[in-house]
Amino acid sequence: MQATLPLHQWLTALPRPSRLPAWANGRLRQAERGEGLEEPQVAALIGAVLTGLAPFMLQLEDLQEVSPERVVTVQALARLVRRGRGVGLLVTSRFPPPEPFEAVALSPLGPLLIRDLLEAHAGAPLPETAVEWIQAHAGGNPLFTLEYFRWLAQQGCLWNDGRRWRWRVPERDLLPDTLEALLADLLRGAGREPALRDTWEARALLGNAASEALWAAVAGLPAPALQRCCLELDRQGVFRENRFIHPLYAEVARQALPLERRRLLARRALAACAPDDPQIPFWVPQAGLEPEAALSVLLSAAQGAEATGDTVQVARCRACAADYAPNPQRGELAYAAALGLRQVNLNQAAQLARRAAEASPDQPERVLLLAELYAAQGQSSEVERLLATPTERGSGSVQGGPGWALTLRVHLNDYPRAYVLLEQHPDLRQQPHPDVAPSVARTLLEMGDPGGCEDLMARYTAGVHLTESQARQWLNVRALTRYYAGVPEEAAQLFNALLNGLTEDHSPREAAAARYNRSLAYDALSRFEEALADLEAAGRLCAGLGDHKRSAHLQVMVARLQIGFGHYEQAEEALLLSRAGLEGLGLSGFLCDCESALSALYRLWQPSYGILLARRHAELALTHARSLKQPSKIALCLYDAAQAEIQAGDPHHGLELAQEMMTQALQAPNQELRHYARFAEAQAWLALQRPAEGRAALEEALRLTADPLQIHVTGLELDHLVGDQASAALRLAWFRAHGLTPLEKTVCEYFPALATATGGQVSAPVGPSAGQVVGRSAARLQLNVLGTLCLRAHQQETAVRGRQRGALLACLLEARLCGQQEVSRSDLIHHLYPQTDEVQSQAALKALVSQTRLALGHALIQTTARGYALGDVTCDADEFLQTGETRLWRGPYLAGVELEPDTQIRERLYHALQQRAEAVLARDPLETARVGRLLCSADPFDLAALSLTLRALQAAGNHRSVGRVYGAARAAWREVGEALPESWQAFLASTAPA
């Protein structure tokens, strides 16, 4: 209850004990008649009531809100409680509690607990990225977590579409109004004393990394006074260990600083800090200095950073200095800063380059840098505009000539037009500038001339001194040539060497590109988990750089892997978000890839209208690819278009598209494209009932690929055609080992006997994005409830994550144990969402079932006429009741599941366990002792279980444990006012079986 409530309301809220001292009965009647009692009298009366209710725990909320007189009352009550038995008093407070309470500071909730809290509040699983975003912003605070959830839902960033929760990242990082108001009020209370306000304002401006000396100087306090203020702010719950208890406090404190106060603190910081302090570019704009003074401070800081070799810090200082410098110095500083930041912050670098170009449009190097940055961001229209700017300096020049234009085309992945430049300028192909040569080689490689690429690479790398940047570019080209040549092992090794020479903090652009390229090699090697990890890391790097186009494309690649794992809903969500972002950035190869991936998704998933959707997205992808005139893209899009037409019932058109694909594939550098063309052609022949032609095309496709996955996929089609079940069984094992659930299903559809032979199992561990075991066949799945709820599949156990998910499975399991065929939707809603309105609860239940199936296998839960039921899944509780094997018990029944277990089932299981333990006592006393402890933990006041445990320990010769177990039991009974015999021997004598 709330600590601020009047004391008579405490008494009203408490249950009435059956026995009370006579004096307490009299005062209680006085209180009920409304006669006034002094606080000490009421405290004593509440203490007597609590003692009479033992075992009982009273929790008082928000002790920091009460008056000093009430604190004294609570302290008196605490002393009374300490003298009693079986009674506890718990208070919550932002401040450390008074004596005699023991202070326990709550740590922030970890990611798993945050997930459980959010999913319990949402009534269904949330997208992984949404939970991560909330965790990052709320910092593990439960109140802040729920407020962010409410705010995101209000902003339309989190919504439930009736099937599942969906998510998009907010466009701006804003603080929920409720949190801002709450934290501002708390800070206002902590700032009534000027010294305290000086302390936390200075900390908010400086951040946590500032030294204590600098902090004291900015706060304007001597060091001892600063320490006293820190202790008081600790006591008030604003600080912990000399810093804000939560980052949001600092954010609100900074926002609340008045302009003049902010200027004063920033000037103090600049006066007291070291000349190369990394925070100087942050403090100067807030200090309100005259332009000359600000420029001097920043240039001095840049000089200091240059002496230490911190080029990024130099660029940041120059970027800030450009705001205060007059022309032409402003343009020079902006240009220099853009050069320094282009590897770490594309957006800021592009803004600076634009300022530099606008300041001096007659200096072509500035326009050229801006074009390069636009190209790196994928802003093709801006690049085209700047390419028209007359800045040419000669065909061999890096800047302004065709070599520079070709480099921009390569940045944009526009290899056809880059190749046109090579045809128009033969000298560019024969003798390109050393900085341009890697882009020329990449163009030759992508446009189907690997020999020309190898020749150019040999001329420019053999015995030639290369800069670090040039060496890395050539290493990347060499790795790509090995990948396109069908030697992914060598390509992966070369990409490893490239990444080993990079620091992601200082070269995130290059690191992102290298990780993406290495993921291609890993994918070709069927190392799907590593490929996924590289793609996700590259996506994070691109998002941090502000490269939204490549970030969206990397999401497409991640979704491709999710499709292979069978995570169709996750893939659809990622692809639709990526498509929305890419459409706003103009036509690109990335958009083609996204449309192709959507076509593949709907073709394999086959939801409602899946065939139409697959056809539509394949057509869009092909239209875009033809506009780009890039053979590789056209070939890939023709593959999806051919497959979509075959599935839609038009194999003649599918055959035409497959044959056109082979024409395009012969012009592309990637040998694997020819394999895909023959494979699509084979599918068309088979759909046309021409098995001989289909078999010939499949056999040729098999010869054209070195990719293990494609070898097995193509081989499976041949196995199906010729009826080779033994070969298909080997492929089934390979698919299962790599977590490729949809392909497992295909094998079992082609060869039903394999599904029967494996108990109907057509599932495997899912991909690393889910990181847990799933199952589509129930016969090989076992739901274990005799301990922590978990799922067993393929000899592996995985805990069931999420409170609602565990409660759902517990409901379905207990219904089956009671002999029920199903659980109705209304009963599930009653158990899982008792306080949610009907419409929301129905949507939440549907989403919960969908997400549970997605995470743990569709066969785990079956849809019935009225609701849901467990599938054909075995259960350790069933097995125990049939066999009596006590070792199946790993812990208490449904440990960790918050749903209250069915009393009859619980008692039936524990009664059977106790009987079985009695039966094996003579044969295995150690096992009986283990089981006895489980029974005692389930019911600490079960004397029969205690007797069994003690007799088992005695039989095992473990007399020391006998004494400890019995001593703990006596203490528990004393707390409830009951007594057991003094010795365990006497207890056993009194409870010996007749």
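N242 is partly exposed, because its relative accessible area is 24%, a value in between the 20% that bounds buried and the 50% that bounds exposed. You will find N242 in the loop between β5 (239-240) and β6 (243-244). Look at its backbone as well: phi of N242 is near 70°, which is positive although the residue is not a glycine. Do keep in mind as we go that this is a predicted model.

Q689 makes a good companion to N242. Here too phi is positive in a residue other than glycine, this time near 60°. Q689 sits in the loop between α36 and α37. With 67% relative accessibility, Q689 counts as exposed, because the cut-off for that word is over 50%.

While we are looking at loops, two peptide bonds deserve a visit. The bond from A54 to P55 is cis, and its omega is near 0°. P55 belongs to the loop that runs between α3 (39-53) and β1 (56-60). The bond from E99 to P100 is also cis, with omega near 5°, and P100 is found in the loop between β2 (87-91) and α5 (111-122).

Now let us move into the helices, starting with N517. This asparagine is part of helix α28, which covers residues 508-524. Is N517 buried or exposed? Its relative accessible area is 6%, so N517 is buried, the limit for that being under 20%. If you set aside the neighbours within four places in sequence, the contacts of N517 are N476, L480 and F495.

A531 is next, in helix α29 (residues 528-545). Its relative accessibility is 0%, and therefore A531 counts as buried. Which residues touch A531, leaving aside its neighbours within four places in sequence? They are S519, Y522, D523 and L561. For S519 you can follow the distance too: A531 and S519 are twelve residues apart in sequence, and their C-alpha atoms are 4.2 Å apart in space.

Further along the chain comes helix α35, made of 15 residues (651-665). From its first C-alpha to its last, α35 reaches 20 Å, close to the 21 Å expected at 1.5 Å a residue. Its buried residues are P651, G654, L655, L657, A658, M661, M662, Q664 and A665. As you read along that list, it helps to recall that an α-helix has 3.6 residues a turn, so residues three or four places apart point the same way. What do the buried residues of α35 pack against? Their partners are α33 (610-628), α34 (631-647) and α36 (672-687).

Our last stop is a pair of helices, α37 (residues 691-703) and α38 (residues 708-722). Two packed helices are described by the angle between their axes and the distance between the axes. For this pair, the axes come within 10 Å and cross at roughly 155°. That angle is why α37 counts as roughly antiparallel to α38, since the term applies to angles over 145 degrees. The crossing of α37 past α38 is left-handed. On the α37 side, the contact is made by P691, R695, L698, E699, A701 and L702, while α38 contributes I711, T714, G715, E717, L718, L721 and V722. Sorted by kind, the residues of this contact are eight nonpolar, two polar and three charged.

Methods:
Residues numbered from 1 in each chain as written. Predicted model: local features only at pLDDT ≥ 70, side-chain atom pairs only at ≥ 80, totals over all residues. Heavy atoms only, no water. Helix = DSSP H or I, 4+ residues; strand = E, 2+ residues; numbered from the N terminus. Buried < 20%, exposed > 50% of the residue type's maximum accessible area, 1.4 Å probe, protein only. Contact = heavy atoms within 4.5 Å. Expected span 1.5 Å × (residues − 1). Axes fitted to C-alpha atoms, helices over the stretch in contact; angles between N-to-C directions. Parallel < 35°, antiparallel > 145°, perpendicular 65-115°, else oblique. Left-handed = near helix turned anticlockwise from the far one by under 90°. Nonpolar A, V, L, I, M, F, W, Y, C, P; charged D, E, K, R; others polar.
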